[in-house]
Amino acid sequence: MNARPPIRWDDNGQPRRPGPKIMHAKHDEKREAIILNPDSFGVYIHWFADVRRNQPCTGQHCRCNSEPVNVSWRTYLGAWDVRGKKTCIVELPSQGWGDSGLLKVRQERGTLRGIGIELDRFPRVKTGRVTVRRLRVDDAIVAALPQPLDVKAELERIWYSRL
Ligand SMILES: [Zn+2]
């Protein structure tokens with residue numbers, strides 16, 4: 001199933017510590033973010049109903065080899081939550097990432113850092129397609145952004161620590 005080698009994940013079972021939350025597109029509220037990381041981070045994930053959470057595909061030893069689970073591609077971006085004034089991890093489904101044009105932006109600019117995005121859904125229902133619109137960001141705001149996030153470490157904290 002994997003076109004690329006699976007990412008290695010740590011499962012340390014530690015209590016969850018505070019940290020950036022995942023920002024999803026919502027159907028009833030537009031959300032604004034400024035990308036902090038030069039690159040996106042893409043992962044195959046599964047929804048495991050028994051633990052009620054998404055976890056990444058771990059390849060050869062993954063539960064998807066022995067039980068029927070859905071698989072989907074997600075793109076994660078270390079970002080600044082403009083309204084919440086805090087760091088976050090923007091999550092895009094494969095459709096939203098594909099439609100966003102951000103891959104082309106990355107290729108042309110050499111980095112995604114400093115790109116402003118507005119997340120929305122159309123139509124405005126929970127299952128609406130994720131739309132990503134570019135927002136203009138002043139240079140002074142880009143200059144004052146925090147450092148890029150360790151997106152993989154933050155996802156491990158969210159996915160693998162005990163609640
Ligand atoms: Zn898997």
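## Architecture of a predicted α/β model

Read along the sequence, the protein follows the pattern β-β-β-β-β-β-α-α-β-β-α-α. The model is predicted, and its secondary structure comes to 4 helices and 8 strands.

**Overall dimensions**

The C-alpha atoms of the protein fill a box of roughly 50 × 35 × 30 Å, taken along the principal axes. A compact globule with 163 residues would have a radius of gyration near 15 Å, and the 16 Å of this protein agrees with that expectation. Buried residues account for 25% of the 163 residues. As to how the chain contacts itself, 70% of the contacts between residues at least 6 apart in sequence join residues at least 24 apart.

**Strand β2 and its partners**

Strand β2 (residues 31–35) pairs with strand β7 (residues 116–122) and with strand β5 (residues 72–81), as set out below.

| Strand pair | Bridges | Direction | Example of opposed residues |
|---|---|---|---|
| β2 and β7 | 4 bridges | antiparallel | Glu 32 and Glu 118 |
| β2 and β5 | 3 bridges | antiparallel | Ile 35 and Ala 79 |

Glu 32 thus stands opposite a second glutamate, Glu 118 in β7, while Ile 35 has Ala 79 of β5 as its bridge partner.

**The nonpolar core**

Which residues of the largest nonpolar core touch the most other members? The core has 29 residues, and those with the most such neighbours are Ala 33, Ile 35, Tyr 76, Ala 79, Ile 89 and Val 90. At least two residues of this core come from each of β2, β3 (41–48), β5, β6 (86–93), β7, β8 (129–135) and α4 (151–160). Ile 35 and Ala 79 therefore appear both as a bridge pair between β2 and β5 and among the core residues that touch the most other members.Ala 33 illustrates the contacts in this region. Leaving aside neighbours within four places in sequence, Ala 33 is in contact with Met 23, Ala 79, Trp 80, Asp 81, Val 82, Cys 88, Val 90 and Ile 117. Two of these partners, Ala 79 and Val 90, are also listed with Ala 33 among the core residues that touch the most other members.

**Helix α4**

Where do the buried residues of α4 pack? Val 151, Glu 154 and Leu 155 are buried in this helix. Seen down the axis of α4, its buried residues fall within an arc of 100 degrees, so they line one face of the helix. An α-helix has 3.6 residues a turn, so residues three or four places apart point the same way. The buried residues of α4 pack against β3, β5 and β6.

**Backbone features in the loops**

The loop between β7 and β8 holds Pro 123. The peptide bond from Phe 122 to Pro 123 is cis, with omega near -5 degrees.

Two residues other than glycine have a positive phi: Arg 52, with a value near 50 degrees, and Lys 85, with a value near 55 degrees. Arg 52 is found in the loop between β3 and β4 (53–56), and Lys 85 in the loop between β5 and β6. Are these residues buried or exposed? Arg 52 is exposed, because 8 other C-beta atoms lie within 10 Å and a residue with 12 or fewer counts as exposed. Lys 85 likewise counts as exposed, with 7 C-beta neighbours inside 10 Å.

Notes:
Residues are numbered from 1 along each chain as its sequence is written. This is a predicted model: local features need pLDDT of at least 70, side-chain atom pairs count only at pLDDT 80 or more; totals for chains, interfaces and linings use all residues. Two strands pair if DSSP finds at least two bridges between them. A nonpolar core is a set of buried Ala, Val, Leu, Ile, Met, Phe, Trp, Tyr and Cys residues joined through C-beta atoms within 7 Å. A residue is buried if 20 or more other C-beta atoms lie within 10 Å of its own, exposed if 12 or fewer, and partly exposed in between; C-beta atoms are placed from the backbone. Two residues are in contact if their C-beta atoms, placed from the backbone, lie within 7 Å. The arc is that of the directions from the helix axis to the C-beta atoms. The radius of gyration is taken over C-alpha atoms; the globule rule is 2.2 Å times the number of residues to the power 0.38.
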